[in-house]
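Biologist: I keep running into words like "buried" and "contact". Could you go through them with me on a real example?

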2 protein chains.
Amino acid sequence: MQKGEQTRQRIIEEAAKIFNQRGFAGCSIQDVMEATGLEKGGVYRHFASKEELAVEAFRYALSLSVKMRTEGPGYAGSAIEQLRYAVRHFIETPSVFPGGCPLMNTAVDANDGNPALRQLACDALKKWRAVLCSIVEDGIAHGEIRSGANPRQIANTIIASLEGALMISRLEGTKRALCDVQEMFEMILAEIGTAREVRLGSAE
Amino acid sequence: MQKGEQTRQRIIEEAAKIFNQRGFAGCSIQDVMEATGLEKGGVYRHFASKEELAVEAFRYALSLSVKMRTEGPGYAGSAIEQLRYAVRHFIETPSVFPGGCPLMNTAVDANDGNPALRQLACDALKKWRAVLCSIVEDGIAHGEIRSGANPRQIANTIIASLEGALMISRLEGTKRALCDVQEMFEMILAEIGTAREVRLGSAE
């Protein structure tokens, strides 16, 4: 990577942390200058505007976030075990940066105005959901999950309840809501799993 | 209500709509002036600062929101029916203003900086959860919900999954995620309800 490219990447990474904490409107180029130690010209050499930098920063934060949600040693074993891991891993590592989940922050931030950021959040959501859906589909194909289960419904419920619980947990400064959701989720696993798989999963 | 008091209330109501859509940092006194048709002096006569106005605006939005979530003709009948109503009512009327749920917006907006707004969001969350908890507790007392059910766990799961699903639904411009969560919630109701109540509830 050339020096110019390295600087560009460093600006994106620092900006991602600030945007994730303060949102698009709450973060200025001045903040990015302070975090990177660059002059205004040094930032604007790489990005034409705050908007352009924000798109790259949010794209970086969201891609890291999706990677963290969908990759890991726990994505092996039965479908039930993988779903259980997805939930546990989210609770153990709810965000890549300070400031909460980039997906929720971008969604709330962008919903009423910024179409480019909104599209990035939509894409990140789709990727995360697709991974969860394919776990459920494989589980059905292998007889680990009941054939009547709806992959999209399960994936949306996992994402929605984890994201909402993270919002509550951050607000209250405790992981209680996340753990509550995790326990209720065991009820759903017991319902969708075929008997053998649920028993094996619970015993791990 | 005196004229001055009426003007103050009108400023709060207009500001609440704008803050809910754009967040604290994304909304200026200029925006409030435009929405109310008042001069700067007309706004500052009632509020010493944007911060002071924001606190009143968020307080107003959150109290309306909690009222909408916790009152209504559906809060009658069995505990299972009431929980089902709480979920359905949220899906039918997800927010009092344009811009999504004031609770989530305030929580995400305030989490990394504004302690006064954060406290307002915390209080609103507690009130909403207390109402759901007391429905579950009454349900246990009346033999409609299993004695082993955990009221806080159920309440946190309802709030988390609805708030998260609303975030997804707004992002995607469809109610699908909300409906997915609603259907999965029926699984939880079937699990926590005593047999008689679940059967009655499903037949409504």
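Modeller: Sure, let's take the terms one at a time.

Modeller: A bit of housekeeping: this is a predicted model, so local features need pLDDT of at least 70 and side-chain atom pairs count only at pLDDT 80 or more, while totals for chains, interfaces and linings use all residues. Residues are numbered from 1 along each chain as its sequence is written, chains are lettered from A and ligands numbered from 1 in the order in which they are written, and side-chain values use heavy atoms, with hydrogens and water left out.

Biologist: What makes up the secondary structure of chain A?

Modeller: Ten helices and zero strands. A helix here is a DSSP run of H or I with at least four residues, a strand is a run of E with at least two, and the numbering starts from the N terminus. Going that way, chain A reads α-α-α-α-α-α-α-α-α-α.

Biologist: Why is B:Thr157 called buried?

Modeller: Buried means under 20% relative accessible area, exposed means over 50%, and partly exposed is in between (1.4 Å probe, protein chains only). B:Thr157 has 5%, so it counts as buried. You'll find B:Thr157 in helix α8 (residues 151-172) of chain B.

Biologist: How do you know what B:Thr157 touches?

Modeller: We look for contacts, meaning heavy atoms within 4.5 Å. Leaving out residues up to four places away in sequence, B:Thr157 touches A:Asp180, A:Val181, A:Met184 and B:Ile188.

Biologist: And B:Ser147, what makes that one exposed?

Modeller: B:Ser147 has 67% relative accessibility, so it goes down as exposed. B:Ser147 sits in the loop between α7 (115-141) and α8 of chain B. The C-alpha atoms of B:Ser147 and B:Ile192 are 8.7 Å apart, though 45 residues separate them in sequence.

Biologist: Why is A:Pro98 called partly exposed?

Modeller: Its relative accessible area is 47%, so A:Pro98 gets the in-between label. A:Pro98 belongs to the loop between α5 (79-92) and α6 (102-110) of chain A. Not counting residues up to four places away in sequence, it touches A:Lys17, A:Asn20 and A:Gln21.

Biologist: Which label does A:Lys126 get?

Modeller: With 48% relative accessibility, A:Lys126 is partly exposed. Look for A:Lys126 in helix α7 (residues 115-141) of chain A. Its C-alpha atom is 9.7 Å from that of A:Val66, 60 residues away along the chain.

Biologist: What makes something a nonpolar core?

Modeller: A nonpolar core is a set of buried Ala, Val, Leu, Ile, Met, Phe, Trp, Tyr and Cys residues joined through side-chain atoms within 4.5 Å. The largest one has 140 residues, and those with the most contacts inside it are A:Leu83, A:Leu103, B:Leu83 and B:Leu103. As for A:Leu103, its partners beyond four places in sequence include A:Leu62, A:Trp128, B:Met167 and B:Leu171.

Biologist: How do you know how chains A and B are related?

Modeller: We superpose the copies by least squares on the C-alpha atoms of residues with pLDDT of at least 70 in both. Chain A lands on chain B after a rotation of 180 degrees with 0.0 Å of shift along its axis (RMSD 0.0 Å). That is the relation of a two-fold axis.

Biologist: Why say the copies meet through the same surface?

Modeller: Because 100% of the interface residues of chain A are also interface residues in chain B.
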